[in-house]
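Please go through the structure below. The report after it covers selected helices, strands and single residues, under short headings.

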Amino acid sequence: MDKRNILFIPHNAYHTYNMHLIMKELQSLGASCQMLNIDKIHHEGVTEEAKRLNIKTVPYTPLFILKYKPTAIVTMNDWGAVTKKNILLANILGIPTFGIVEGVQDFQDTHLKTHKGFKPRFPYVRSRFPLLTGEYDTNFIKSKDAHIIGIARIEELITKKTITPSKPKIIINANFSYGKYSQFAKSWIEDVVTACKELKVDYTISQHIADQTDLNTYNVSNEHINTLVSQGSVLISRFSTSILEAMAMRKPVIYYNNFNEKVDKFLSPNGSFETPRNKEELKDAIIKTLDTPQIYIERSKYFLNKHVSFDPHKSSAQRAAEFIFTNRQHRDIPFKNKLKIVCDEFKRRYLYSLLNISL
């Protein structure tokens with residue numbers, strides 16, 4: 001069997017953490033793993049998290065595929081400045097590419113209709129093997145090479161120790177990252193904080209590392225959001241993986257959408273959580289959720305299982321590692337087949353654009 005040399009390309013700290021769990025499983029299968037550090041192009045905490053995890057990263061160079069000679073490439077963002085062109089190159093060279101869905105995902109790029117200057121991302125259509133979080137993702141990723149693996153960092157939260165505070169406390173997730181819907185951030189935060197104050201309920205805000213909203217006049221914590229949620233009563237958030245993470249920790253959530261966010265994922269909760277659209281509805285939702293938290297926790301189990309796959313006999317990291325380890329393709333691809341890969345790449349992107357335009 002040929003030696004496996006698998007290159008991981010994280011974009012941020014939580015990618016780094018999730019990937020290191022998979023790397024450990026791959027190493028137990030006999031694979032060699034490397035983690036490419038692209039912080040000098042896209043700095044969002046890879047260096048710090050890798051140091052915390054005692055992972056030695058390899059430096060980015062423009063020709064890193066030729067330098068490190070990977071037999072597979074794994075990303076959680078296959079549309080970034082570094083990854084999109086190099087995944088295409090890897091596909092041409094016959095190097096298998098795996099795209100792990102990083103959490104909740106706006107597969108349809110619904111923000112494009114209201115955000116001028118943003119370009120379609122085409123998430124997870126470049127990678128040869130998309131690795132999906134749950135059954136829900138199959139509504140958007142139709143590739144025959146897709147495989148459901150769950151997501152390791154959410155799976156770990158199921159056993160996380162939590163407490164119920166003696167006094168109700170609301171945890172607010174401020175996540176208006178990368179410029180998406182940032183024009184609504186202040187009004188969103190103000191609604192949630194004002195609702196808490198009018199109800200005389202304590203609150204703490206967790207601000208995403210890429211959120212640029214000025215929150216100096218509010219109660220903001222530097223603790224990790226999952227630590228805050230584990231010690232709080234209810235999480236209030238817009239579109240975010242934190243909603244699924246809170247569910248995994250058996251904490252009720254409220255999805256507050258006061259600016260008509262159109263991402264499908266949290267629009268049909270089927271009773272798993274409240275979906276208020278203005279401040280008065282939000283106050284009612286907070287009262288209901290604090291009065292009957294256990295009802296929402298029980299209802300959210302079905303929602304969580306639909307969106308995140310769990311296997312009681314095999315961890316998400318193991319499932320991912322086994323799939324990555326066993327799926328490979330011949331490296332010596334004839335020239336005409338390389339041209340076909342390039343043509344197929346642009347054809348997929350064109351069809352994806354048409355799909356989004358028609359929504």
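## Helix H6

The 14 residues of H6 should span 20 Å at 1.5 Å a residue, and this agrees with the 20 Å between its end C-alpha atoms. The expected span of a helix is 1.5 Å times one less than its number of residues. Helices (H or I, at least four residues) and strands (E, at least two) are DSSP runs, numbered from the N terminus. This is a predicted model, in which local features need pLDDT of at least 70 and side-chain atom pairs count only at pLDDT 80 or more, while totals for chains, interfaces and linings use all residues. Residues are numbered from 1 along each chain as its sequence is written, and side-chain values use heavy atoms, with hydrogens and water left out.

Ala-185, Trp-188, Ile-189, Val-192, Val-193, Thr-194, Ala-195 and Cys-196 are the buried residues of H6. Buried means under 20% relative accessible area, exposed over 50%, and partly exposed in between (1.4 Å probe, protein chains only). The cover over these buried residues includes E8, E9, E11 and H9. H6 lies across E8, E9 and strand E11 (234-237), and runs at about 175° to E8. Axes are lines fitted to C-alpha atoms, for helices over the stretch in contact, and angles run from 0 to 180 degrees between N-to-C directions. Contact means heavy atoms within 4.5 Å. Just after H6, Lys-200 has a positive phi of about 60°.

## The sheet under H6

Which strands form the open sheet, and in what order? There are 5 strands in the order E10-E9-E8-E11-E12, with parallel pairing. The edges are strand E10 (220-221) and strand E12 (253-255); each has a single partner strand, so one side of each is left without a neighbour in the sheet. Two strands pair if DSSP finds at least two bridges between them. Strands of a sheet pair through backbone hydrogen bonds, either parallel or antiparallel.

At the E10 edge, strand E9 (residues 202-207) is joined to E10 by 2 bridges, and the two run parallel. Within this pair, Ser-206 stands opposite Ser-221 in E10.

## Asn-175

Asn-175 is placed in the loop between strand E8 (169-174) and helix H6 (185-198). Its relative accessibility is 11%, so Asn-175 counts as buried. Apart from neighbours within four places in sequence, Asn-175 is in contact with His-208, Asp-211, Arg-238 and Ser-240.

## Strands E1, E4, E5, E6 and E7

Strand E1 (residues 5-9) pairs with E4 in the parallel sense over 4 bridges, and Leu-7 stands opposite Ile-73 in E4. E4 is in turn joined to E5 by 3 bridges, again running parallel, with Ile-73 opposite Thr-97 in E5. From strand E5 (residues 97-100), 3 bridges lead to E6, also parallel, and Ile-100 stands opposite Leu-131 in E6. E6 pairs with strand E7 (residues 147-148) in the parallel sense over 2 bridges; there Leu-132 stands opposite Ile-148 in E7.

In a regular strand the side chains alternate between the two faces of the sheet. Strand E4 (residues 72-75) is covered on both faces, with Ala-72 and Val-74 buried on one side and Ile-73 and Thr-75 buried on the other. Strand E6 (residues 129-132) is covered on both faces too: Phe-129 and Leu-131 are buried on one side, Pro-130 and Leu-132 on the other.

## Helix H10

Helix H10 (residues 293-307) has 15 residues and reaches 21 Å from its first C-alpha to its last, close to the 21 Å expected at 1.5 Å a residue. Where is the kink in H10 centred? The kink, of about 30°, is centred on Ser-300. The bend at a residue is the angle between axes fitted to the seven residues ending there and the seven starting there.

Tyr-296, Ile-297, Ser-300, Phe-303, Leu-304 and His-307 are buried in H10. An α-helix has 3.6 residues a turn, so residues three or four places apart point the same way. The buried residues of H10 pack against helix H8 (242-248) and helix H9 (279-291).

## Leu-63 and the cysteines

Leu-63 is in the loop between strand E3 (58-59) and helix H3 (64-68). With a relative accessible area of 57%, Leu-63 is exposed. Leu-63 and Asn-86 are 23 residues apart in sequence, and their C-alpha atoms are 8.9 Å apart in space.

The structure holds 0 disulfides (a disulfide is a pair of cysteine sulfur atoms within 2.5 Å). Cys-33 has a relative accessible area of 14% and is buried. Cys-196 is at 0% relative accessibility and counts as buried.
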